[in-house]
Amino acid sequence: MFERHNFKVRTEKNGLLNITEKVKEKIRASDVRNGICLVFSKHTTAGILVNETEKGLVEDMENFLENLAPEDKNYMHNRGPDKNGHAHLRNILTGPGQTLPVEKGSLATGTWQNIFIVEGDAPRTRNISLHLVGEK
Ligand code: ZN
């Protein structure tokens, strides 16, 4: 079976925003018991990654992205109306989505694995879709 669920997230600043509980809530409310869940960001300047929530590490990951694609660099893209070249480049590091396992009606990820939106162009309202595929 297949189910699609959507939700919106308001991002106030660039960086990582934990959406794990929102995803878990949608999976619990669905009829898919065993299968996979694609968590997908419908944007080119906000991606999805899976990692730990430890405060220092979150800061490390944000610094890592900032170092690889700094905001104040002279990107070709910034010659147009958009001044968000850094956000597009950060997005290619995470990709737009992650596919996660679902077992017994809940997310079957590891203890420390959380799901984050990686915002590069805040403030924005982001549309996240979940595609759930599996058995009832
Ligand atoms: Zn752009």
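Donors are N, O and S atoms within 2.8 Å of the metal, and water is not among the atoms considered, so sites may look incomplete. In this predicted model, the zinc ion is coordinated by four residues: His-77 through NE2, Asp-82 through OD, Asn-84 through OD1 and His-88 through NE2. The distances to the zinc ion are 2.1 to 2.3 Å. Along the chain, the donors of the zinc ion follow the spacing H-x4-D-x1-N-x3-H. The angles among the four donor atoms run from 89 to 149°, and the site is irregular. Four donors count as tetrahedral if all angles lie between 85 and 135 degrees; the upper value of 149° at the zinc ion is therefore outside that range. For reference, the ideal angle for four tetrahedral donors is 109.5 degrees. Two of the coordinating residues were examined for accessibility. Asp-82 has a relative accessibility of 34% and counts as partly exposed, and His-88, at 22%, also counts as partly exposed.

His-88 lies in the range of helix H3, which spans residues 85-94. In H3, the buried residues are Gly-85, His-86, Ala-87, Arg-90, Asn-91 and Thr-94. These buried residues pack against S4, H2, S5 and S7. After H3 comes Gly-95, with a positive phi near 80°.

The strands are described next. An open sheet is formed by five strands in the order S1-S8-S3-S5-S6, with antiparallel pairing. The edges are taken by S1 and strand S6 (106-107); each has a single partner strand, so one side of each is left without a neighbour in the sheet. S1 and S8 are paired in the antiparallel sense over 10 bridges, and within this part of the sheet Phe-2 stands opposite Val-133 in S8. S3 is joined to S8 by eight bridges, and these two strands also run antiparallel. Opposite Ser-129 in S8 stands Phe-40, while Gly-35 stands opposite Gly-134 in S8.

Nonpolar side chains tend to be buried together in soluble globular proteins. The largest nonpolar core in the model has 18 residues, and those with the most contacts inside it are Ile-19, Val-23, Val-39, Ile-115 and Ile-128. At least two residues of this core are supplied by each of strand S1 (2-11), helix H1 (20-29), strand S3 (34-41), strand S4 (46-51), strand S5 (97-103), strand S7 (114-119) and strand S8 (124-135). S8 provides the largest share, three residues. With neighbours within four places in sequence left aside, Ile-19 is in contact with Phe-7, Val-9, Val-39, Ile-48, Ile-115, Phe-116, Ile-117 and Ile-128. A second core, separate from this one, has seven residues, among them Leu-16, Leu-49, Val-58 and Met-61.

Four salt bridges are found in a search of the whole structure. One of them joins Glu-66 and Arg-90, with the closest N and O atoms 2.7 Å apart. This pair links distant parts of the chain, since Glu-66 is in helix H2 (residues 55-68) and Arg-90 is in helix H3 (residues 85-94), 24 residues apart. Glu-66 has a relative accessible area of 31% and is partly exposed. Arg-90 has a relative accessibility of 7%; buried means under 20%, so Arg-90 counts as buried.

A further salt bridge is formed by Glu-119 and Arg-126, whose closest N and O atoms are 2.6 Å apart. Both partners fall below the cut-off of 20% for buried residues. Glu-119 has a relative accessibility of 3%, and Arg-126 has a relative accessible area of 2%. The side chains of Arg-10 and Glu-12 also meet in a salt bridge, at 3.8 Å from N to O. Arg-10, at 46% relative accessibility, counts as partly exposed. Glu-12 has a relative accessible area of 60%; exposed means over 50%, so Glu-12 is exposed.

Technical notes. Residues are numbered from 1 along each chain as its sequence is written. This is a predicted model: local features need pLDDT of at least 70, side-chain atom pairs count only at pLDDT 80 or more; totals for chains, interfaces and linings use all residues. Side-chain values use heavy atoms; hydrogens and water are left out. A nonpolar core is a set of buried Ala, Val, Leu, Ile, Met, Phe, Trp, Tyr and Cys residues joined through side-chain atoms within 4.5 Å. Buried means under 20% relative accessible area, exposed over 50%, partly exposed in between (1.4 Å probe, protein chains only). Helices (H or I, at least four residues) and strands (E, at least two) are DSSP runs, numbered from the N terminus. Contact means heavy atoms within 4.5 Å. Donors are N, O and S atoms within 2.8 Å of the metal (3.2 Å for Na, K and Ca); water is not among the atoms, so sites may look incomplete. Four donors count as tetrahedral if all angles lie between 85 and 135 degrees; four count as square planar and six as octahedral if opposite donors are over 155 degrees apart and all others between 65 and 115; anything else is irregular. Two strands pair if DSSP finds at least two bridges between them.
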